[in-house]
Amino acid sequence: SAIFNFQSLLTVILLLICTCAYIRSLAPSLLDKNKTGLLGIFWKCARIGNFFSLKSLRPVLFLENALFIGIMFLCSNETHTHKSS
């Protein structure tokens with residue numbers, strides 16, 4: 001689960017920030033009316049995403065590329081071990 005793996009948790013948080021910033025750019029009134037309470041978390045994430053904009057996108061792209069390369073590496077190792085058996 002993403003809670004116990006730091007890289008997964010960081011990826012989820014960064015994706016949440018980027019998604020909220022994108023939704024706020026399309027429909028600002030959707031997030032701006034909920035500045036407090038539980039839904040206020042999404043408004044705060046959108047504010048963070050707008051503040052950092054490209055700076056918050058770079059780590060997401062880096063982590064996603066690293067995750068993709070890791071999955072491809074694991075898949076290639078599994079196919080080699082199955083062929084040698």
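Here is a walk through the model, stop by stop, with something to select at each one.

**Before you click**

This is a predicted model, where local features need pLDDT of at least 70 and side-chain atom pairs count only at pLDDT 80 or more, while totals for chains, interfaces and linings use all residues. Residues are numbered from 1 along each chain as its sequence is written, and side-chain values use heavy atoms, with hydrogens and water left out.

**The whole chain**

Start with the cartoon view. You'll find 4 helices and 0 strands, running α-α-α-α from the N terminus. Helices (H or I, at least four residues) and strands (E, at least two) are DSSP runs, numbered from the N terminus.

Now switch on the surface. The chain exposes about 6,700 Å², with carbon and sulfur atoms supplying 71% of that; the areas come from the Shrake-Rupley method with a 1.4 Å probe, and for residues only the protein chains shown count as cover. Of the 85 residues, 19% count as buried. Buried means under 20% relative accessible area, exposed means over 50%, and partly exposed is in between (1.4 Å probe, protein chains only).

One more overview number: take the contacts between residues at least 6 apart in sequence, and 56% of them join residues at least 24 apart. A contact here means heavy atoms within 4.5 Å.

**Stop 1: helix α1**

Select residues 6–26, which make up α1. At 1.5 Å a residue, its 21 residues should span 30 Å, and the end C-alpha atoms are indeed 30 Å apart. The expected span is 1.5 Å times one less than the number of residues.

Next, color the buried residues of α1: Thr11, Leu14, Ile17, Cys18, Cys20, Ala21 and Arg24. As a viewing aid, an α-helix has 3.6 residues a turn, so residues three or four places apart point the same way.

**Stop 2: arginine 24 and its partner**

Stay in α1 and select arginine 24. Which residue does arginine 24 form a salt bridge with? Show aspartate 32: the closest N and O atoms of the pair are 3.0 Å apart. The structure holds 1 salt bridge, meaning a side-chain nitrogen of Lys or Arg within 4 Å of a carboxyl oxygen of Asp or Glu. Aspartate 32 counts as partly exposed, at 25% relative accessibility.

Show the neighbors too. Leaving out residues up to four places away in sequence, arginine 24 touches Leu31, Asp32, Trp43, Ala46 and Asn50.

**Stop 3: either side of arginine 24**

Click on serine 25, also in α1. Is serine 25 buried or exposed? It counts as exposed, because its relative accessibility is 52%. Its side chain reaches the backbone oxygen of tyrosine 22 at 2.6 Å. Draw a C-alpha distance from serine 25 to alanine 46 and you should get 8.9 Å, with the two positions 21 residues apart along the chain counted as their separation.

Isoleucine 23 is in α1 as well, and is partly exposed at 32% relative accessibility. Beyond residues up to four places away in sequence, isoleucine 23 touches Leu30 and Leu31. Its C-alpha lies 8.0 Å from that of alanine 46, 23 residues apart along the chain.

**Stop 4: α2 and the loop after it**

Select proline 28, in helix α2. Proline 28 is partly exposed, with 39% relative accessibility. From its C-alpha to that of tryptophan 43 is 9.5 Å, for a pair 15 residues apart in sequence.

Move on to leucine 38, in the loop between α2 (28–32) and α3 (40–52). Leucine 38 is exposed, at 69% relative accessible area. Add Leu16, Leu39, Ile41 and Phe42 to the selection: together with Leu38 they make a nonpolar surface patch of about 450 Å². Patches are made of residues with over 30% relative accessible area and no salt bridge; like charges are joined within 9 Å, and nonpolar side chains (Val, Leu, Ile, Met, Phe, Trp, Tyr) within 5 Å.

**Stop 5: α3**

α3 has 13 residues and reaches 18 Å from first C-alpha to last, close to the expected 18 Å. Color Gly40, Trp43, Cys45, Ala46 and Gly49, which are buried. Just after α3 comes serine 53, with a positive phi near 35°.

**Last stop: α4**

Finish with proline 59, in helix α4 (residues 54–84). Proline 59 counts as partly exposed, at 31% relative accessibility. Where proline 59 and leucine 14 are concerned, the C-alpha atoms are 7.8 Å apart in space and the residues 45 apart in sequence.

How values were computed. A polar contact is a pair of N or O atoms within 3.5 Å; within protein, one must be able to donate a hydrogen and the other to accept it, and residues adjacent in sequence count only if both atoms are side-chain atoms.
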